[in-house]
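The following note is intended for a colleague who is meeting this structure for the first time. Please read each point beside the sequence and the model.

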Amino acid sequence: MIMQKTFVTVMLTISAVSLSLSAQTSSAPLTAADAIKRIIAATGATPPPGTVDTIKAGDPNTVVTGIATTFLDTWQVLEKAVADHKNLVITHEPTFYNHPDDMTVLGDDPVQAQKLAYIKEHHLVVWRFHDTWHLRKPDGILEGVIDEFGWKPYQSSADPHLFTLPQTTLTQLAATLRAKAGSRLMRVIGDPNMPVTQVALLPGASGLTRQVKMLERDDVQVLVAGEAAEWETVEYARDAAAQGRHKALILLGHEVSEEAGMRYCAEWLKSVLPGVPIEYIRAGEPFWMPSAK
């Protein structure tokens, strides 16, 4: 009987210790490194070799007080994150002005140095979420942009970049996209009165080959893209229109074409990291248009 009581006491003690350890584990502070691991796992994608999805500045062991997602962590975005007590900044594009964030490219440039100093001073952690967010199925950026445009009902089941819209004109399409994206300016090539139903969407900088291959298709009348080199897809589209082909190009700007994907990211993250304060901070267009005199 005594042995039975001793055994029960020991088992109860072990259970109490286990519950205590479990509680400690579940309430353990979330570090930036932990958050990043959970985010990558939630995408279901594997970062490619040489991925740019790395921490650009800050200590990965920093305890997360909040998360800010953005298209690009501009100076103003970093200031807003600090003011809102969000110390893990998730940016889609580079912090230090080149794709791999190689700070040796600009060396001891004062603008770059001040930005890094600000991140360190305020104990921020900046992590880039580019490759893996695009590799997620569906592509996180594309999904957010489609949602912003309201194009989901018109999306092709065979190719997520293709859409059959209710008939409109090139001018009306461009004006609608400008309003929905909150853009100050955009560039359009093609006949303003051209009837439009078949559209391809390639946010960001998808490059000459991919952009032209889309415009070559019989089922694409208009390519809506982020940016293009002016001597490449831009001139291809201009020649195609001049030849009388039913083709047009709308360039939204890189930021405008992908920003909605990082707003979508903030909403998606709330289910990945429940209980963590998360907000989206708009980077905004870098350009402005002077008024005509």
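1. Helix α7 gives way to G182, a residue with a positive phi, near 65 degrees. Helices (H or I, at least four residues) and strands (E, at least two) are DSSP runs, numbered from the N terminus. The model is a predicted one, in which local features need pLDDT of at least 70 and side-chain atom pairs count only at pLDDT 80 or more, while totals for chains, interfaces and linings use all residues. Residues are numbered from 1 along each chain as its sequence is written, and side-chain values use heavy atoms, with hydrogens and water left out.

2. The twelve residues of α7 (170-181) span 16 Å from the first C-alpha to the last, close to the expected 16 Å (1.5 Å times one less than the number of residues). Buried residues (under 20% relative accessible area, with a 1.4 Å probe and protein chains only) in α7 are L170, L173, A174, L177 and A181. Viewed down the helix axis, these residues fall within an arc of 95 degrees, so they line one face of α7; the arc is taken from the directions from the axis to the C-beta atoms. In general, an α-helix has 3.6 residues a turn, so residues three or four places apart point the same way.

3. One open sheet has five strands in the order β5-β7-β8-β9-β6, with mixed pairing (two strands pair if DSSP finds at least two bridges between them). Strands β5 (162-169) and β6 (187-189) are at the edges with a single partner strand each, so one side of each lacks a neighbour in the sheet. Three bridges connect β6 with the antiparallel strand β9 (residues 248-251), and R187 has L251 as its bridge partner there.

4. Another open sheet of five strands follows the order β1-β4-β3-β2-β10, also with mixed pairing. Its edges are β1 (55-57) and β10 (278-280), each with a single partner strand, so one side of each is without a neighbour in the sheet. Two bridges link β1 to the antiparallel strand β4 (residues 125-128), where W127 stands opposite I55.

5. The largest nonpolar core (buried Ala, Val, Leu, Ile, Met, Phe, Trp, Tyr and Cys residues joined through side-chain atoms within 4.5 Å) has 48 residues, and W151, V222 and I250 have the most contacts inside it. Helix α10 (residues 254-272) gives the most to this core, with eight residues. A second, separate core of 14 residues includes I189, A200, V234 and L251.

How values were computed:
Buried < 20%, exposed > 50% of the residue type's maximum accessible area, 1.4 Å probe, protein only.
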